[in-house]
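Biologist: I've got a structure to show you, and I'd like to work through it with some questions. Ready when you are!

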Amino acid sequence: MNKETLTWVGKWTFILAAAGSAVGLGNIWGFPYKAGTNGGGAFVLIYLGCILIIGLPIMISEIMLGKRYRGSPVSTMKDAATESASSSNWQAIGWGGLIAGVVILSFYSVLAGICLNYIFISLGLEGEIDSIAKFQQVTSSPLQLLLWHTIFILITAWIIAAGVISGIERMVKLLMPMLFILMIIMVINAFINGNFSQAFSFLFSPDFSAVTANTYLSAMGQAFFSLSLGMGAIMCYGAYMSPDQEIYESSAIVAGLDTLIAMLAGLAIFPIIFAYGVEPNSGPGLVFISLLSIFADLPFGNIIGGLFFLLLSIAALSSSISLLEPSVAYFAEKNILSRPIASFMLAGIAWFIGLGSLLSFNVWSEYTFIGSRNFLDSMDLLANQFLLPLGGLFVAIFAGWKLNPSIAKAELGGSEFVFRLWQFFIRFISPVLVFGIFIFQLI
Ligand code: TRP
């Protein structure tokens with residue numbers, strides 16, 4: 001297909017697809033446990049700040065570049081640099097993005113596989129269970145993890161192989177409404193079975209005594225990851241946007257939906273955590289261990305639990321496709337490989353790297369890679385604290401300082417005031433903050 005003419009069919013598809021990319025494990029699994037371990041409200045506030053002043057300007061830039069140059073992140077950056085008479089080295093942003101996408105997909109799929117597995121574990125719950133032992137049992141078996149990791153990544157590859165319209169567009173139109181309905185059911189469940197007011201004040205009344213420098217770092221990393229920024233995923237989806245669609249409005253809706261779902265996830269999880277006297281700061285095991293034991297106790301808990309993990313899996317799937325699409329788009333546009341072959345091949349690479357993450361739960365749990373981190377945590381660190389912030393930083397520098405402002409103005413449209421506001425943030429605020437926080441973590 002000619003890349004110039006490939007455009008989402010539905011008017012809302014860009015928003016659904018970008019929100020599908022943004023809303024994922026980061027929102028429903030990551031955000032609640034990070035808010036829980038970082039003291040609640042203060043983290044939430046800093047996170048919201050990061051979304052607004054760092055995330056949103058960069059998201060606008062990614063969409064703008066994609067929409068104008070209409071290619072994979074590599075060719076988008078290359079064409080953008082050429083048109084503004086800048087060095088073609090800027091295409092390195094695109095390459096970094098393709099690599100980051102495959103790296104993130106590798107461990108994302110292992111985690112999403114555990115969510116898939118938990119749908120069935122929850123449905124089969126009868127009475128009391130030892131949820132710590134259950135989690136250990138699930139993660140100690142390389143074969144069981146392998147099975148679900150393989151299933152998840154095959155579904156991802158299959159959707160991407162089917163193409164932008166008949167794969168991605170069709171799936172997000174199906175998955176996103178399901179996700180929203182399931183989320184509402186979960187919040188209603190928390191309202192009925194949980195301690196809503198305690199959860200509300202935990203999430204929304206900031207206690208700054210728990211805030212450390214690390215809180216800022218973690219909140220910024222979370223904002224990048226949650227909005228899917230810094231690796232060209234949103235840029236790539238922007239490339240399929242219809243030329244007459246509004247960029248500011250679409251970005252605000254996507255960032256707003258992403259934030260809304262993260263908050264709703266908090267309101268679905270913390271009320272029952274508090275009602276059952278579980279500590280909110282139990283870390284990554286919050287949903288797999290704390291929630292599972294509560295589901296075992298709740299009336300119809302097996303069904304509620306099954307629906308919860310179905311929700312997580314759906315959210316993960318609409319995100320994982322956006323991790324694979326940019327690199328597949330590159331191979332397909334250059335006619336190096338056909339789209340289906342590129343999908344399965346790149347997914348195969350991510351699958352293979354994922355084996356390291358899968359083994360870090362069991363056989364390799366003692367091996368450390370970066371610092372004292374196991375393989376999974378090292379990949380997570382590499383992607384979230386290096387590749388994504390660096391990608392975001394360079395997108396900001398390019399869009400703010402290198403891209404011809406008249407091009408940005410023409411693509412963004414809207415009023416002069418909003419344009420100046422964006423320009424101010426993308427030049428002086430977002431890159432400076434990302435750079436500052438990035439350097440800070442290195443020292
Ligand atoms: N945003 C997704 C989440 O919150 C993960 C994700 C999908 C992502 N695509 C991305 C993260 C691109 C960074 C870059 O789970």
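**Cysteines, rings and a ligand**

Biologist: Let's start with Cys115: buried or exposed?
Modeller: Keep in mind that this is a predicted model. Cys115 has a relative accessibility of 1%. Buried means under 20%, so Cys115 counts as buried.

Biologist: And Cys236, buried or exposed?
Modeller: The cut-off for buried is under 20% relative accessible area. Cys236 comes out at 1%, so this cysteine counts as buried.

Biologist: How many disulfides turn up in the whole structure?
Modeller: For a disulfide, two cysteine sulfur atoms have to lie within 2.5 Å. The search covered the whole structure, and the number of disulfides found is zero.

Biologist: On to the rings. How are the planes of Trp95 and Tyr330 arranged?
Modeller: A pair of aromatic rings is described by the distance of the centres and the angle of the planes. The count of aromatic pairs here is 33. For Trp95 and Tyr330, the centres are 4.8 Å apart and the planes are at 65°. Planes over 60 degrees apart get their own label, so this pair is edge-to-face.

Biologist: Which helices do those two rings sit in, and how many residues apart are they?
Modeller: Trp95 belongs to helix 5, residues 92-123. Tyr330 belongs to helix 14, residues 301-333. The pair links distant parts of the chain, with Trp95 and Tyr330 235 residues apart.

Biologist: Is Trp95 buried, partly exposed or exposed?
Modeller: Its partner Tyr330 has 10% relative accessibility and counts as buried. Trp95 has 35%, and the range between 20% and 50% has its own name. That makes Trp95 partly exposed.

Biologist: Which ring has the charged end of Arg427 over it?
Modeller: The rule asks for CZ of Arg within 6 Å of the ring centre. The charged end of Arg427 is 4.7 Å from the centre, and the ring belongs to Trp401.

Biologist: Now the ligand! Which side chain has an N or O atom 2.6 Å from an oxygen atom of the ligand?
Modeller: There are 17 residues around the ligand, and Ala22, Gly26, Tyr108, Phe225 and Ser322 come nearest. A polar contact needs N or O atoms within 3.5 Å. At 2.6 Å from the ligand oxygen, the side chain is that of Tyr108.

Biologist: What about a nitrogen atom of the ligand: which residue has a side-chain N or O atom 3.0 Å away?
Modeller: One ligand nitrogen is 2.8 Å from a polar backbone atom of Phe225. For the side-chain contact at 3.0 Å, the residue is Ser228.

Biologist: How much of the ligand's area does the protein bury?
Modeller: Taken alone, the ligand exposes 370 Å². The share of that area buried by the protein is 100%.

Conventions
Residues are numbered from 1 along each chain as its sequence is written. This is a predicted model: local features need pLDDT of at least 70, side-chain atom pairs count only at pLDDT 80 or more; totals for chains, interfaces and linings use all residues. Side-chain values use heavy atoms; hydrogens and water are left out. Buried means under 20% relative accessible area, exposed over 50%, partly exposed in between (1.4 Å probe, protein chains only). Rings of Phe, Tyr and Trp (its six-membered ring) pair if their centres lie within 6.5 Å; planes under 30 degrees apart count as stacked, over 60 as edge-to-face and the rest as tilted. Helices (H or I, at least four residues) and strands (E, at least two) are DSSP runs, numbered from the N terminus. A charge sits over a ring if NZ of Lys or CZ of Arg is within 6 Å of the ring centre and within 35 degrees of the ring normal. A residue is near a molecule or strand if one of its heavy atoms lies within 4 Å of it. A polar contact is a pair of N or O atoms within 3.5 Å; within protein, one must be able to donate a hydrogen and the other to accept it, and residues adjacent in sequence count only if both atoms are side-chain atoms. Accessible areas come from the Shrake-Rupley method with a 1.4 Å probe; for residues, only the protein chains shown count as cover.
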